[in-house]
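Reader: I would like to go through this model with you and ask how each label is earned. Could you set the values against the cut-offs as we go?

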Amino acid sequence: MTEAFVYLDYAASTPVDPRVRDRMREAGEMTCANPSSTHAAGRLTHGIIATAAAQLAGLLNAGPRTLVWTSGATESDNLAIAGGARYRNHRGRHIVTMKTEHKAVTDVFEQLAKEGFDVSWVEPDGNGILDPAAFEAVLREDTQLASIMLVNNETGVIQDIEALGGICRERGILFHVDAAQAAGKVHVDLSTLPVDLMSVTAHKFYGPQGIGALYIADRPGCHVDPILFGGGQQRRIRPGTLPMELIAGFGMAAEIAAHRIDDDLEHLRALREALWGGIRDLGGIRRNGDPDGFPGILNVSAAGVEGESLLLALEPLQVATGSACNSKSREPSSVLRALGLSDTDAQSAIRFSLGRPTTAGEARFAADRYRQAVLKLRGLAPGAGV
Amino acid sequence: MSTDDPYGPRVRRLFAAPVHAGRLEDGESVDVDEQDVRLRLSAAAAAGRIEAMRFEARGCPHVIAAAEAACARLEGGPVSGLLEFSGRDLMENLPVPVEKTGRILALEDAVRSLGQRLRDGTES
């Protein structure tokens, strides 16, 4: 990372842990073989992947054979939702998700709607939390799949997956959870959570970009149709030669995270409160989302300032105005609008996302910089009204 | 390494230090609220020349930089300069991306409207 930056965009991507990088290099030096090859070199690659699967399964408390490697959370979400809905197509065509999901989920639902599926979009409360009763109210006899994210990528709001999944389990509905922002950051125990499908990705918790996984529970009726075709790999669910070095790194990142989650959470909590404490008295500041959400994310709006100018005035802070995947769009965040924010407030929102390497000094610097930037822009504006 | 910076160095410089930011209480002023831009231009003129020109803006960096550049260019010049002001030069020189053309046209409208007010004030 360039030292000229103060990087506070860990929800978008994280730096690769040096131990992960070492593991990837080591694996690459051991073998270059295709894991599907039956010769010794191929079996070595297969073993490296099996080790990584065990490491990731350990993080999630799942069986290693429940994991399907993908290119990342976007592909995992596509495979889970499109593959799950199509697998159950003959039983019914009603599917459910939230308005505050990531585009990797909402766009798949939009696509399925074009294919004739009937989509219900449930809304959260003003803090971004989905009431299980509101969720249950939209379910029907023909509901086949629901997808709800664990940790929201823009606000850090944590949904009650246990309650929501329990409702789905009682009704035989396939329940998918986008855990891209949760895996490796908060405790996830798939041995107890009523979850059928879960998307995870390495680069959100100090692993490499370009590798993810989909958890598919090992129980009857829990299956997805493939969305890619071209080989019999991974039980014909996801074809393609596996990227062994990326998977080795993913596994190592998972093993490290499994031992660090509590320490990381404590670290992030202290940083977030320091950051929020440094800006909360500015006036006209709104904290978006549930304050008890994931501590690595702080989303705030400032009355009287324009988001793009705020982002530039905040430099050298590297922060986001919405999800990074969507940050080139000038449209106000649909997630924040679903929380009841006006277009103007949503457009001024900044997402600070903190990470393992973030220091207390960086949090203080960010708070000072934010104050300066907001005051400067309010000073430029005609009647900021604050 | 290409950083694909959406702001040129001139936009960054003008945005960072807009010396014409502010309001002239004794001059004429015009308000614009459209195209995601809230803008107030004010100017004081004497003997057909712009003695001072200021802006207040809530908008993107390109709008703030363009307003600053317009004030710097027009201040000290004839009032007729406001009436003939075109945002096209700013679009090219700052530069401003084409998708923000509407915002620069809002600035252009504000500058010309301010010129009309100053001219009308002088004539009445």
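**Labels and the values behind them**

Author: Happy to. In this predicted model, let me begin with Gln35(B), which counts as partly exposed at 44% relative accessibility.

Reader: Why is Gln35(B) called partly exposed?

Author: Buried means under 20% and exposed means over 50%. The 44% of Gln35(B) lies in between, so the label is partly exposed. Gln35(B) sits in the loop between strand 1 and strand 2 of chain B, and its phi is near 55°, a positive value in a residue other than glycine.

Reader: What makes Arg235(A) partly exposed?

Author: The same cut-offs apply. Arg235(A) has a relative accessible area of 40%, so it falls between 20% and 50% and is partly exposed. Arg235(A) is placed in the loop between strand 8 and helix 7 of chain A. Its phi, about 55°, is positive although Arg235(A) is not a glycine.

Reader: And Lys100(B): how do you know whether it is buried or exposed?

Author: Its relative accessible area is 4%, which is under 20%, so Lys100(B) is buried. This lysine belongs to the loop between helix 4 (88-93) and helix 5 (101-123) of chain B. Setting aside neighbours within four places in sequence, Lys100(B) is in contact with Glu308(A), Cys60(B) and His62(B).

Reader: Which proline in the loop between helix 4 and helix 5 of chain B should I look at?

Author: Pro95(B) lies there. The peptide bond from Leu94(B) to Pro95(B) is cis, with omega near -15°. Chain A has a cis bond from Glu315(A) to Pro316(A), with omega near 15°; Pro316(A) is found in the loop between helix 8 (307-313) and strand 11 (317-318) of chain A.

Reader: Turning to sheets, how do you know that strand 1 and strand 2 of chain B pair?

Author: Pairing needs at least two bridges. Strand 1 and strand 2 (residues 37-46) of chain B have 7, in the antiparallel sense, so they qualify. Within this pair, Val30(B) stands opposite Leu41(B) of strand 2. Helix 2 (residues 61-74) of chain B packs on the sheet, touching strand 2 and strand 3, and its direction makes about 175° with that of strand 3.

Reader: What is the strand order in the open sheet of chain B?

Author: The 3 strands are in the order 1-2-3, with antiparallel pairing. Strand 1 (28-34) and strand 3 (49-58) are the edge strands, as each pairs on one side only. Neighbouring strands are turned by 15° against each other on average, direction ignored.

Reader: What makes strand 9 and strand 12 of chain A edge strands?

Author: They belong to an open, antiparallel sheet of 3 strands in the order 9-10-12. Strand 9 (285-287) and strand 12 (350-353) each have a single partner strand, so one side of each is left without a neighbour in the sheet. Here neighbouring strands are turned by 30° against each other on average, direction ignored. Helix 7 of chain A packs on this sheet, touching strand 9, strand 10 and strand 12, at about 10° to the direction of strand 10. Helix 11 (residues 360-380) lies across these strands too, running at about 15° to strand 10.

Reader: Why is the largest nonpolar core said to lie between two domains of chain A?

Author: Domain 1 (10-14 + 261-380) and domain 2 (18-256) both give residues to this core, so it lies between them. Of its 154 residues, Trp69(A), Phe352(A) and Tyr370(A) touch the most other members. The largest share, 16 residues, comes from helix 7 (residues 244-279) of chain A. Among the contacts of Tyr370(A) outside its sequence neighbourhood are Ile279(A), Leu310(A) and Phe352(A).

Reader: What makes both faces of strand 2 (residues 67-70) of chain A covered?

Author: Leu67(A) and Trp69(A) on one side and Val68(A) and Thr70(A) on the other are all buried. In this strand, Val68(A) stands opposite Leu214(A) in strand 8.

Reader: Last one: how do helix 1 and helix 7 of chain A cross?

Author: The axes of helix 1 (residues 18-30) and helix 7 come within 8 Å and cross at roughly 145°, and the crossing is right-handed. Residues that meet there include Ala27(A) and Gly28(A) from helix 1, and Ala248(A) and Gly249(A) from helix 7.

Key
Residues are numbered from 1 along each chain as its sequence is written. Chains are lettered from A and ligands numbered from 1 in the order in which they are written. This is a predicted model: local features need pLDDT of at least 70, side-chain atom pairs count only at pLDDT 80 or more; totals for chains, interfaces and linings use all residues. Side-chain values use heavy atoms; hydrogens and water are left out. Helices (H or I, at least four residues) and strands (E, at least two) are DSSP runs, numbered from the N terminus. Axes are lines fitted to C-alpha atoms, for helices over the stretch in contact, and angles run from 0 to 180 degrees between N-to-C directions. Contact means heavy atoms within 4.5 Å. A nonpolar core is a set of buried Ala, Val, Leu, Ile, Met, Phe, Trp, Tyr and Cys residues joined through side-chain atoms within 4.5 Å. Buried means under 20% relative accessible area, exposed over 50%, partly exposed in between (1.4 Å probe, protein chains only). Domain bounds come from an automatic or database domain assignment. A crossing is left-handed if the near helix is turned anticlockwise from the far one by less than a right angle, and right-handed if clockwise.
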